[in-house]
Amino acid sequence: SGTLTYSNYDTKNSPYGSFPAAMTFTRTAINNPGTIAYSSSTSNYSYGYTYEYNADGYPTKRIDGTNSDTYEYRRL
């Protein structure tokens, strides 16, 4: 087993930060990590992220070099 470390948080809203307390998990934070690192006895790696945001300050896209994730939000 290894350890994930999240760091270099931005000042924008995280889509995970609004989850109810009963649904919290490791990635829950009010801001978005700029770096995620993994370390174990057999493997070590780190990813740096940049984000694109909507008018409400939530990420619409997370980019790590050649890969990206897109987020879509709906108002309830």
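Patches here are made of residues with over 30% relative accessible area and no salt bridge, joining like charges within 9 Å and nonpolar side chains (Val, Leu, Ile, Met, Phe, Trp, Tyr) within 5 Å. By that rule, L4, Y45 and Y47 make a nonpolar surface patch of about 280 Å². You're looking at a predicted model, where local features need pLDDT of at least 70, side-chain atom pairs count only at pLDDT 80 or more, and totals for chains, interfaces and linings use all residues. Residues are numbered from 1 along each chain as its sequence is written, and side-chain values use heavy atoms, with hydrogens and water left out.

**The chain overall**

- The chain has six strands and zero helices; both are DSSP runs numbered from the N terminus (helices are H or I, at least four residues; strands are E, at least two).
- Read from the N terminus, the elements go β-β-β-β-β-β.
- Of the 76 residues in the chain, 26% are buried (buried means under 20% relative accessible area, exposed over 50%, partly exposed in between, with a 1.4 Å probe and protein chains only).
- About 5,500 Å² of the chain is exposed, and carbon and sulfur atoms supply 49% of that; accessible areas come from the Shrake-Rupley method with a 1.4 Å probe, and for residues only the protein chains shown count as cover.
- Among contacts with a separation of 6 or more, 36% are between residues 24 or more positions apart (contact means heavy atoms within 4.5 Å).

**β1, β2 and β3, with the patch residues**

- Strands β1 and β2 run antiparallel and are joined by five bridges; two strands pair if DSSP finds at least two bridges between them.
- L4 sits in β1, which covers residues 3-7, and its bridge partner in β2 is Y38.
- Y38 also stands opposite Y45 in β3, so this one residue of β2 links up with two members of the patch, L4 and Y45.
- β2 and β3 (residues 44-48) are antiparallel too, with five bridges between them, and they form a hairpin with four residues in between.
- L4 counts as partly exposed because its relative accessibility is 43%.

**The β4-β5-β6 sheet**

- Three strands make an open sheet in the order β4-β5-β6, with antiparallel pairing.
- β4 (50-53) and β6 (67-70) are the edge strands, each with a single partner, so one side of each has no neighbour in the sheet.
- Neighbouring strands in this sheet are turned by 15° against each other on average, direction ignored; the axes are lines fitted to C-alpha atoms (for helices over the stretch in contact), and angles run from 0 to 180 degrees between N-to-C directions.
- Four bridges connect β4 with β5, residues 59-64, and T50 has I63 as its bridge partner in β5.

**The salt bridge**

- Searching the whole structure turns up one salt bridge, defined as a side-chain nitrogen of Lys or Arg within 4 Å of a carboxyl oxygen of Asp or Glu.
- The pair is R62 and D69, with the closest N and O atoms 2.6 Å apart.
- R62 is buried, as its relative accessible area is 11%, whereas D69 counts as partly exposed at 33% relative accessibility.

**A buried loop residue**

- S14 lies in the loop between β1 and β2 (35-39), and it counts as buried because its relative accessibility is 4%.
- Leaving out residues up to four places away in sequence, S14 touches A29, I30, N31, N32 and Y58.
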